[in-house]
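Welcome to this short tour! Open your viewer, get ready to select residues, and follow along stop by stop.

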Amino acid sequence: MRLHHLLLVLFFVVLSAGSGFTHGVTDSLSCRWKKGICVLTRCPGTMRQIGTCFGPPVKCCRLK
């Protein structure tokens, strides 16, 4: 039974460590840090969306 608890803890540690690597751009500061700009509309043709700035309506765009 103790082995199950140890495996469960190990599983949660692995999941929490992996979540940091999948975290994307979520605010204007991190958008600018990744050389992007915040726009209210769709990203222009030469740019692609890499995240959001202040929530879903505002997109962080960067050159392709």
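Begin by selecting C38 and C53: UniProt lists a disulfide between them, a term used here for a pair of cysteine sulfur atoms within 2.5 Å. In this model their sulfur atoms are 2.0 Å apart, which agrees with that record. UniProt positions follow the numbering used here, feature names are shortened, and annotations may be inferred rather than shown by experiment.

Now colour the strands. C38 sits in strand β1 (residues 37-39) and C53 in the loop between β2 (47-52) and β3 (59-63), so this pair ties together parts that are 15 residues apart in sequence. Helices (H or I, at least four residues) and strands (E, at least two) are DSSP runs, numbered from the N terminus.

A word on the model: it is predicted, so local features need pLDDT of at least 70 and side-chain atom pairs count only at pLDDT 80 or more, while totals for chains, interfaces and linings use all residues. Residues are numbered from 1 along each chain as its sequence is written, and side-chain values use heavy atoms, leaving out hydrogens and water.

Switch on the surface. Is C53 buried or exposed? With 1% relative accessibility, C53 is buried, whereas C38 is partly exposed at 29%. Buried means under 20% relative accessible area, exposed over 50%, and partly exposed in between (1.4 Å probe, protein chains only).

Next, select S28 in helix α2 (residues 28-33). S28 is buried too, at 19%. Leaving aside residues up to four places away in sequence, S28 touches C38, C53 and F54; contact means heavy atoms within 4.5 Å.
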